[in-house]
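User: I am new to this structure and would like a close look at one part, the sheet. Please take me through how its strands are put together, and then through what surrounds it.

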Amino acid sequence: MRPMRLTTRAVTAIALALTLVAGGFAAWAGWSWYDAAHDDSAAYAEQRDRALAAGEQAVQNLNTLDHRDLDRGLDLWESSTTGELHDQLVDGRTEFAAQVKEAKTVTTAKVLSGAVTELDDRAGRARVLVALRVTVRTPGEASTDKDSRLLGELTRTDGRWKLSALGQAPVGGTPAG
């Protein structure tokens with residue numbers, strides 16, 4: 001048997017077919033990349049993740065305070081908040097600081113879990129649900145742990161998410177109010 005020889009015409013046809021397949025694949029891959037890069041859902045997911053991280057951190061900040069380093073803790077509270085919540089913290093700072101100094105308490109919070117329950121990226125508003133464990137230590141007493149679920153409202157200011165409201169989440173069949 002003689003080996004099969006390809007003619008110039010056959011080689012040209014195969015090369016053309018391979019070029020067309022490669023070009024088609026490159027066009028498909030380019031279009032897929034462009035479509036993914038300009039997909040709004042990726043940007044929305046990124047904002048959701050940023051809001052969640054900021055919300056969890058702010059809730060933890062507002063549940064952590066040490067009487068021995070009160071100014072730093074209260075400054076952190078203020079830098080984590082905006083709007084009416086921020087104003088309330090600033091207005092009540094002196095009286096609250098005196099109460100904490102007198103009680104000599106140390107509270108530390110640890111986020112157990114969190115979720116974004118609402119996100120309006122265009123308006124710069126979000127809501128988060130955060131479960132956390134707060135440990136309270138008072139001189140001469142055993143430390144106590146309390147698990148809480150808190151609902152926080154976030155507002156985006158200057159490109160950063162900050163806590164604008166915070167309240168206890170309803171438990172079980174308790175209606176939200």
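Analyst: The description below starts with the sheet and then turns to the loops, the salt bridges and one surface patch.

This is a predicted model, in which local features need pLDDT of at least 70 and side-chain atom pairs count only at pLDDT 80 or more, while totals for chains, interfaces and linings use all residues. Residues are numbered from 1 along each chain as its sequence is written, and side-chain values use heavy atoms, with hydrogens and water left out.

Helices (H or I, at least four residues) and strands (E, at least two) are DSSP runs, numbered from the N terminus. Two strands count as paired if DSSP finds at least two bridges between them. With these terms, the sheet is an open one of five strands in the order 1-2-3-4-5, with antiparallel pairing. Strand 1 (65-66) and strand 5 (160-168) stand at the edges with a single partner strand each, so one side of each has no neighbour in the sheet. Strands of a sheet pair through backbone hydrogen bonds, either parallel or antiparallel.

Going through the sheet in order, strand 1 is joined to strand 2 by two bridges, and the two run antiparallel. Leu-65 has Thr-107 in strand 2 as its bridge partner. Strand 2 (residues 106-120) then pairs with strand 3 (residues 125-137) over 13 bridges, in the antiparallel sense. Here Val-106 has Arg-137 of strand 3 as its bridge partner. The hairpin of strand 2 and strand 3 has four residues between the strands, and Gly-124 in this hairpin takes a positive phi near 70°.

Strand 3 also pairs with strand 4 (residues 144-157), again antiparallel, over twelve bridges. The bridge partner of Arg-125 in strand 4 is Thr-155. These two strands form a hairpin with six residues between them, and Gly-140 in the turn has a positive phi of about 80°.

A side-chain link also joins strand 3 and strand 4. Arg-127 and Glu-153 meet in a salt bridge, at 3.4 Å from N to O; the term stands for a side-chain nitrogen of Lys or Arg within 4 Å of a carboxyl oxygen of Asp or Glu. Arg-127 lies in strand 3 and Glu-153 in strand 4, so the pair ties together parts that are 26 residues apart in sequence. In the accessibility terms used here, buried means under 20% relative accessible area, exposed over 50%, and partly exposed in between (1.4 Å probe, protein chains only). Arg-127 is partly exposed at 38%, and Glu-153 is partly exposed at 33%.

Two loops that lead into strands hold residues with an unusual backbone angle. Most residues other than glycine have a negative phi. Lys-104, in the loop between helix 5 and strand 2, has a positive phi of about 55° although it is not a glycine. Asp-158, in the loop between strand 4 and strand 5, has a positive phi near 50° and is likewise a residue other than glycine. Lys-104 is partly exposed at 43% relative accessibility, whereas Asp-158 is exposed at 83%.

Outside the sheet, Thr-81 sits in the loop between helix 3 (70-79) and helix 4 (83-91). Thr-81 has 2% relative accessibility and therefore counts as buried. Its side chain makes a polar contact with the side chain of His-86 at 3.2 Å; such a contact is a pair of N or O atoms within 3.5 Å, where within protein one must be able to donate a hydrogen and the other to accept it, and residues adjacent in sequence count only if both atoms are side-chain atoms. The side chain of Thr-81 also reaches the backbone oxygen of Trp-77 at 3.2 Å. Leaving out residues up to four places away in sequence, Thr-81 touches Leu-62, His-86, Leu-89, Lys-162 and Leu-163, where contact means heavy atoms within 4.5 Å.

The whole structure has eleven salt bridges. One of them joins the side chains of Arg-93 and Glu-78 at 2.9 Å, N to O. Arg-93 lies in helix 5 (residues 93-103) and Glu-78 in helix 3, so this pair ties together parts that are 15 residues apart in sequence. Both Arg-93 and Glu-78 are buried.
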